[in-house]
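Here are my notes for you on this one. Keep the structure open while you read, and find each residue as it comes up.

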Amino acid sequence: MDFRFTAQQEAFRQEVRDFLRSELGPDWRGGKTHEMFSREFSRKLGKKGWIGIGWPKEYGGLGRPHMDQLVFGEEMLYGRAPSAAHILAQNMVGPTLMNVGSEEHKKKFLPMILSGEVVFCLAYTEPQAGSDLASLQTNARAEGDYFIINGQKTFISFAGDADYGWIGVRTDPNAPKKHRGISIFIVDMKTPGITTRKLDTMFDHTLYEVFFDDAKVHKSCVVGQLNQGWYYITQALDHERVFMAATIAGYQRIFDEIVEYAKSTKRNGIPLSKDPIIRQKLSEMAIDLHAGRLLGYRLAWLLEQGIVPFSEASISKVFTSELEKRLGNLGMQVLGLYGQLQRGTPQAPYDGYLEWEYRFSPMQAVGGGANEIQRIIIAIAGLGLPR
Ligand SMILES: Cc1cc2nc3c(=O)[nH]c(=O)nc-3n(C[C@H](O)[C@H](O)[C@H](O)COP(=O)(O)OP(=O)(O)OC[C@H]3O[C@@H](n4cnc5c(N)ncnc54)[C@H](O)[C@@H]3O)c2cc1C
């Protein structure tokens with residue numbers, strides 16, 4: 001076991017850090033949806049080959065190890081660099097197409113993803129199918145060389161900006177088990193019959209409902225084989241995990257700012273950093289962050305060994321998302337009312353980032369699979385408890 005990164009990885013970390021600083025500027029704060037979604041920035045990363053760091057060379061990637069991808073992800077998150085325009089395509093769409101996609105799909109989409117030219121949204125969740133995703137009801141009916149799609153998706157990120165939708169659809173309503181009758185389609189979001197409607201969240205992230213009303217798509221839109229979609233969905237979620245491994249770096253940045261604030265601020269004439277309660281709280285969070293980082297590194301290490309983490313990924317997801325809520329509370333406590341000042345208010349420390357983070361922090365416990373479901377996975381796959 002070696003707890004150090006290699007000299008090459010540290011040099012790569014510095015290269016990414018320098019690039020982000022020169023591109024985004026020293027005062028970049030990031031965070032909000034419109035700042036994190038930038039086609040222009042994704043294209044710049046694409047030019048450097050940094051969208052496909054871990055992708056095999058035969059598909060145009062750099063073919064570098066998972067640990068390099070982790071280092072890159074850490075710097076992107078610590079730097080709050082925009083990745084939203086390409087992240088779903090990079091982590092979910094591309095790897096699944098490489099595994100099961102047709103030659104036509106690979107030729108068409110992989111180069112576009114690598115160059116940061118294309119935005120995908122991932123549309124799985126429905127009003128009656130979130131945690132129980134296999135119950136999804138949006139359906140596709142075969143009609144000659146075409147499928148006619150009807151139904152509704154909800155809580156879909158970036159659907160209003162996306163060029164293509166990667167959607168889960170029921171293609172066999174009579175399948176003996178509900179997860180067996182699902183297929184994945186890639187659809188052009190401009191297809192007649194596909195419309196979106198905004199859902200504004202408390203953390204300034206716009207989600208969308210997506211409606212399919214007799215949307216007619218060619219049968220070549222089916223990814224891989226018909227009715228195998230459930231396996232592709234679960235496979236694609238596996239690919240997301242190396243990115244998850246880097247999550248803690250974003251929280252570390254917030255924590256570093258809270259510590260800096262405690263060191264540089266006096267309350268009632270006494271530096272906050274001398275307040276015994278605040279010192280205890282900061283130390284507790286430092287312990288949590290260390291533990292969270294190691295859980296993430298374990299995911300990257302498992303992937304490096306060719307093992308797809310399963311319950312390990314759920315453990316990391318539950319721990320880090322609940323840590324984020326504690327971090328939001330810590331920020332409010334240390335900064336006091338200053339922490340509640342919004343961006344744009346001159347007196348707001350760190351340009352109001354903490355106020356936004358507090359509103360954002362409950363999200364991770366639901367997004368990407370609710371924590372209760374992760375705990376069920378840990379019980380069954382990790383502890384071997386009966387279903
Ligand atoms: C910011 C954000 C972005 C998102 N982006 C996308 C996207 O791009 N594409 C997409 O398809 N989806 C997206 N989602 C949706 C997300 O995947 C779902 O919200 C999530 O899977 C939970 O589904 P649900 O909201 O329907 O909640 P439900 O499944 O209705 O659950 C509601 C509550 O009940 C609890 N619960 C449910 N089942 C159980 C159980 N068996 N045991 C114990 N408790 C249970 C849950 O923990 C939850 O708190 C996004 C969500 C968020 C917050």
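The points below go from the ground rules to the domains, the ligand, the core, the helices and a few single residues.

1. Ground rules. This is a predicted model, where local features need pLDDT of at least 70 and side-chain atom pairs count only at pLDDT 80 or more, while totals for chains, interfaces and linings use all residues. Residues are numbered from 1 along each chain as its sequence is written.

2. The domains. The domain assignment, which is automatic or from a database, gives domain 1 (7-85), domain 2 (120-231) and domain 3 (240-382). Taken over C-alpha atoms, the centres of domain 1 and domain 2 are 29 Å apart.

3. Around the ligand. A residue is near the ligand if its C-beta atom, placed from the backbone, lies within 6 Å of it. There are 19 residues around the ligand, and Tyr124, Gly130, Ser131, Ala370 and Glu372 come nearest. The elements giving two or more residues to this shell are β1 (120-123), β3 (146-157) and α13 (371-382). Helices here are DSSP runs of H or I with at least four residues, strands are runs of E with at least two, and both are numbered from the N terminus. Where does the ligand lie relative to domain 2 and domain 3? Both domains give residues to the shell, so the ligand lies between them.

4. What the shell is made of. By class, the shell has 11 nonpolar, 7 polar and 1 charged residues. Nonpolar means Ala, Val, Leu, Ile, Met, Phe, Trp, Tyr, Cys and Pro; charged means Asp, Glu, Lys and Arg; the others, Gly among them, count as polar.

5. The core. A nonpolar core is a set of buried Ala, Val, Leu, Ile, Met, Phe, Trp, Tyr and Cys residues joined through C-beta atoms within 7 Å. The largest one has 94 residues, and Phe185 is among those with the most contacts inside it. Leaving aside neighbours within four places in sequence, Phe185 is in contact (C-beta atoms, placed from the backbone, within 7 Å) with residues including Ala140, Ile167 and Val217.

6. Helix α12. Of the 8 residues in α12 (353-360), 6 are buried. Buried means 20 or more other C-beta atoms within 10 Å of the residue's own, exposed means 12 or fewer, and partly exposed is in between, with C-beta atoms placed from the backbone. Trp356 and Tyr358 are among the buried ones, and the buried residues of α12 pack against α9 (248-264) and α11 (311-335).

7. Helix α11. Does the length of α11 agree or disagree with what you'd expect? The expected span is 1.5 Å times one less than the number of residues, so the 25 residues of α11 should span 36 Å, and the end C-alpha atoms are indeed 36 Å apart. Phe319 lies in α11 and counts as partly exposed because it has 18 C-beta neighbours inside 10 Å. Gly336, with a positive phi near 60°, follows the helix.

8. Two odd phi values. Most residues other than glycine have a negative phi. Phe158 has a positive one, near 65°, and so does Asp204, also near 65°. Phe158 is in the loop between β3 and β4 (164-170) and is buried, with 22 other C-beta atoms within 10 Å. Asp204 is in the loop between β6 (194-200) and β7 (206-218) and is partly exposed, with 15.

9. His86. This residue is in the loop between α4 (66-78) and α5 (87-100), yet His86 is buried, with 29 other C-beta atoms within 10 Å. His86 and Val118 are 32 residues apart in sequence and 7.2 Å apart in space, C-alpha to C-alpha.

Technical notes. Two residues are in contact if their C-beta atoms, placed from the backbone, lie within 7 Å.
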